[in-house]
Amino acid sequence: MPEPKQTKASPTMADTDIAIVRIAPETSFKNKAYEALKEAILKMDIYATPEPVMLDERALSERLGVSRTPIREAIAMLEQDGFVKTVPRRGIVVVRRTKAEIVDMIRAWAALESMAARLITTTARKKDISSLRDFFKDFSDDRLPQDHIEEYSKANIAFHQALISLSESPVLVDLTNDLLLHVRGYRQLTIGRKDRTATSLPEHLGIIEALEARDTELAEKRARDHTLGLAAYVEAHGQELFT
């Protein structure tokens with residue numbers, strides 16, 4: 001039996017923003033729809049523009065290949081988790097946090113990442129720590145991050161997620177996953193600012209040096225201070241970031 005014809009998605013749901021994998025017929029539709037939508041939302045850059053990110057129930061149903069009932073159930077679950085909000089006469093909005101909430105989340109990430117750094121110095125293999133340098137191997141005094149913002153931004157995000165992963169702590173991974181959507185969005189939003197870019201690479205390399213030296217206290221401090229610097233920047237300049 002041929003698959004249902006897929007129609008063009010709403011303009012607010014560009015393929016680059018919501019990469020959904022079609023659900024197999026034998027799976028639990030509600031739970032699989034929830035997982036697929038949550039994964040897609042976590043991949044979004046919801047702070048790229050000041051306009052709200054809207055989801056269309058009908059388009060989601062068509063793209064996932066399921067009826068609208070499990071989509072509604074999945075949306076209700078996502079709303080309970082704080083990822084989306086149903087707005088009367090407007091539709092489903094992906095929730096964005098206030099500046100104060102973002103600053104609080106970044107501070108929490110700083111605490112979690114500093115603990116990850118501590119764990120890395122005591123448990124990670126030498127080659128895994130050294131591999132962190134690969135994220136920045138294409139940047140130098142002759143190829144500055146500020147001249148290749150998009151490329152450096154991706155390296156920046158990947159580096160911070162790698163730090164959490166290298167801790168080999170499932171709890172830290174789970175806790176940061178809850179913050180990732182928002183902290184990542186603001187990292188991407190601020191990295192292009194000249195005063196942030198200029199300090200970013202030296203601070204990253206400083207963290208790696210401390211990890212390689214197995215200097216637990218220094219690695220923990222550098223990781224924490226680096227992310228707290230982002231929190232301070234957002235607190236001071238948050239209102240300017242969309243202008």
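**Exercise 1.** Which residues do ring pairs link into a cluster?

*Solution.* The model under study is predicted. A search of the whole structure finds 6 aromatic pairs. Ring pairs join Phe135, Phe136, Phe139, Tyr152 and Phe159 into a cluster.

**Exercise 2.** Classify the geometry of the pair formed by Phe135 and Phe159, and state where its two members lie.

*Solution.* A pair of aromatic rings is described by the distance of the centres and the angle of the planes. For Phe135 and Phe159 the ring centres are 6.5 Å apart and the planes stand at 75°. Planes over 60 degrees apart count as edge-to-face, so the pair is edge-to-face. Phe135 is located in the loop between helix 5 (126-130) and helix 6, while Phe159 belongs to helix 6; the pair therefore ties together parts that are 24 residues apart in sequence.

**Exercise 3.** Determine whether Phe135 and Phe159 are buried, partly exposed or exposed.

*Solution.* Buried means under 20% relative accessible area. Phe159, at 0%, is buried. Phe135 has a relative accessible area of 27% and is partly exposed.

**Exercise 4.** Describe the backbone and surroundings of Glu168 and of Arg214.

*Solution.* Most residues other than glycine have a negative phi. Glu168 has a positive phi of about 55° although it is not a glycine. Glu168 lies in the loop between helix 6 (149-166) and helix 7 (170-190), and is exposed, with a relative accessible area of 61%. Arg214, likewise not a glycine, has a positive phi of about 55°. Its place is the loop between helix 8 (194-212) and helix 9 (216-237). Arg214 is partly exposed, with a relative accessible area of 34%.

Terms used. Residues numbered from 1 in each chain as written. Predicted model: local features only at pLDDT ≥ 70, side-chain atom pairs only at ≥ 80, totals over all residues. Heavy atoms only, no water. Helix = DSSP H or I, 4+ residues; strand = E, 2+ residues; numbered from the N terminus. Buried < 20%, exposed > 50% of the residue type's maximum accessible area, 1.4 Å probe, protein only. Phe/Tyr/Trp six-rings, centres within 6.5 Å; stacked < 30°, edge-to-face > 60°.
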